[in-house]
Amino acid sequence: MPDLSPRLGLPYLMPSQAQKHVTHNEALRLLDSLVQLTLAGIGALAPPLVPTEGEAWGLGDGPTGAWSGHDGEIAIWSDGAWAFLEPVAGWRAWDGGAAELRVYDGASWVLPLAADPELQNLPLLGIGATADSVNRLAVASEAVLLSHAGADHRLTVNKAGAGDTGSVLFQSGWSGRAEMGLAGSDDFSVKVSADGGTWREGLRIDAASGALLPAAGLRFPAVPAPVAEANTLDCYAEGSWSPGLSAATSAPSGGSITASGSFVKIGRMVWLSFEITVADKGSGGAGTLQITGLPFALGSGWSAALSHPGLSLPGSGGPLLSLSGTTALIGASDGTPLDWSAVPSGGLSLSGSAGGLALD
């Protein structure tokens, strides 16, 4: 029969042994140290100056002083001297210095998750929730933090093939409302749903070309908020406007004029067109002929064109629209203005377009 137990090295009482209480007390001393093992620190190299009874340390490589030559062992202060034990793979100890549980793997003290094979390749894991065969990892929490370990951090969602789906789904009341990722192809897409049943693709980025493909176009607010940064598109608008035809000095009365107009605005760039039909110019009216009600005040860099069958221009050169704010004065290209009196009383059709930078 051996003198020591195989796992903890406790001394056995032997037949006809004298002073058996000494052997028994030694076994109790070892049990007191090893059961519910608590280490003041792990990887220690120098003994403390004033150790307390029962104080235990996990030694590192190359310890000094009274610990010299006991690399990797457990040092226990007992009865005024250091006793040393060889740890065995599977022993567990509380590391008082780091305030965490450690497991001896046969070479060093490691964290339990790294040492216990039962905590690797888990079939299911639920944290505050119940995992199942589909949701093998389930977490119920106010938040989930995934942080770096000193540098980068990347979250990977991997799918098997191009026709499969790798995405992140957002739900409201367990009903899908938005999804982004690789949904059935290798293009990146963003989809939304109002009811969890009918889905609409809002955006797609082509994997081959990187082209941005907005499914329903890009929409800007009705009242844009311009930004000062260069190369920033902050507005897109298209719509209709109501041109007016009148005299600059005094407006005519009566008459019958119909008009329509449309425009497109991208950033500060504006393109507009109009058609005006005069069935009856009315009476009175004086001053330069003008088109009023432009949807935007055009600034520098504008150009305009005018079609004017039945209207004779003064001066020389083709027709010219002189834009000022939201009004366009009609004249000849030599600067001679066209007076309201030149409008024939029988009828007139005007059409034209203009483009340039809006002042706002």
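Which backbone oxygen does the side chain of Ser 175 reach, and at what distance? In this predicted model, the side chain of Ser 175 reaches the backbone oxygen of Asp 195, at 3.3 Å. The legends that follow take up this site and then others.

**Figure 1. Ser 175 in strand 12 and its surroundings.** The view is centred on Ser 175, a residue of strand 12 that has a relative accessible area of 18% and is therefore classed as buried, the limit for that class being under 20%. Its side chain reaches the backbone oxygen of Asp 195 at 3.3 Å. When the neighbours within four places in sequence are left aside, Ser 175 is in contact with Phe 170, Asp 195 and Gly 196, and Asp 195 thus appears both in the list of contacts and as the residue whose backbone oxygen is reached by the serine side chain.

**Figure 2. The salt bridge between Lys 191 and Glu 179.** The side chains of Lys 191 and Glu 179 meet in a salt bridge, with a distance of 3.6 Å from N to O. Lys 191 belongs to strand 13 (residues 188-193) and Glu 179 to strand 12 (residues 175-183), so the pair ties together parts that are 12 residues apart in sequence. Glu 179 is buried, with a relative accessible area of 14%. Strand 12 is also the element in which Ser 175, the subject of the preceding view, has its place.

**Figure 3. Arg 204, Asp 187 and Glu 201 in a network of salt bridges.** Arg 204 forms a salt bridge with Asp 187, and the closest N and O atoms of the two residues are 3.4 Å apart. This pair links distant parts of the chain, since Arg 204 is in strand 14 (residues 199-205) whereas Asp 187 is in the loop between strand 12 and strand 13, 17 residues apart. Both Arg 204 and Asp 187 are buried. Glu 201 joins these two residues in the view, as Asp 187, Glu 201 and Arg 204 are linked in a network of salt bridges.

**Figure 4. Ile 205 in strand 14.** Ile 205 lies in strand 14 and is partly exposed, with a relative accessible area of 31%. With its neighbours within four places in sequence left aside, Ile 205 is in contact with Asp 187, Phe 188, Gly 210, Ala 211 and Leu 212; of these, Asp 187 is also a partner of Arg 204 in a salt bridge. The C-alpha atoms of Ile 205 and Asp 186 are 9.4 Å apart in space, while the two residues are 19 residues apart in sequence.

**Figure 5. The salt bridge between Glu 100 and Arg 102.** Glu 100 forms a salt bridge with Arg 102, the closest N and O atoms being 2.5 Å apart. Glu 100 is partly exposed, with a relative accessible area of 24%, whereas Arg 102 is buried, with a relative accessible area of 19%. A search of the whole structure finds 5 salt bridges.

**Figure 6. The largest pocket and the residues closest to its centre.** The largest pocket has a volume of about 870 Å³. It is lined by 18 residues, of which Asn 135, Leu 137, Ala 138, Val 139 and Leu 169 are the closest to its centre. Strand 10 (137-139) and strand 11 (165-172) are the elements that give two or more residues to this lining, and strand 11 gives the most, with 5 residues. By class, the lining of the largest pocket divides into 13 nonpolar, 4 polar and 1 charged residues.

**Figure 7. The second largest pocket and its lining.** About 250 Å³ of space lies in the second largest pocket. Its lining is made up of 16 residues, among which Pro 226, Asp 234, Cys 235, Lys 265 and Gly 267 lie nearest its centre. The residues of this lining divide into 9 nonpolar, 2 polar and 5 charged.

**Figure 8. The largest cavity and its nonpolar lining.** A search of the whole structure finds 1 cavity of 30 Å³ or more, and about 40 Å³ of space lies in the largest cavity. The elements that give two or more residues to its lining are strand 19 (269-280) and strand 22 (319-324). The lining consists of Trp 241, Leu 272, Phe 274, Ile 291, Leu 294, Leu 321, Leu 323, Ala 328 and Ala 354, and by class it has 9 nonpolar, no polar and no charged residues.

Methods
Residues are numbered from 1 along each chain as its sequence is written. This is a predicted model: local features need pLDDT of at least 70, side-chain atom pairs count only at pLDDT 80 or more; totals for chains, interfaces and linings use all residues. Side-chain values use heavy atoms; hydrogens and water are left out. On a 1 Å grid over the protein atoms alone, a cavity is a set of points where a 1.4 Å probe fits but cannot get out, and a pocket is an open set with protein on both sides within 12 Å along at least five of seven lines; lining residues have an atom within 4 Å of a point. Grid points are joined across faces, edges and corners, and a volume is the space filled by probe spheres set on the points. Helices (H or I, at least four residues) and strands (E, at least two) are DSSP runs, numbered from the N terminus. Ala, Val, Leu, Ile, Met, Phe, Trp, Tyr, Cys and Pro count as nonpolar, Asp, Glu, Lys and Arg as charged, and the others, Gly among them, as polar. A salt bridge is a side-chain nitrogen of Lys or Arg within 4 Å of a carboxyl oxygen of Asp or Glu. Buried means under 20% relative accessible area, exposed over 50%, partly exposed in between (1.4 Å probe, protein chains only). A polar contact is a pair of N or O atoms within 3.5 Å; within protein, one must be able to donate a hydrogen and the other to accept it, and residues adjacent in sequence count only if both atoms are side-chain atoms. Contact means heavy atoms within 4.5 Å.
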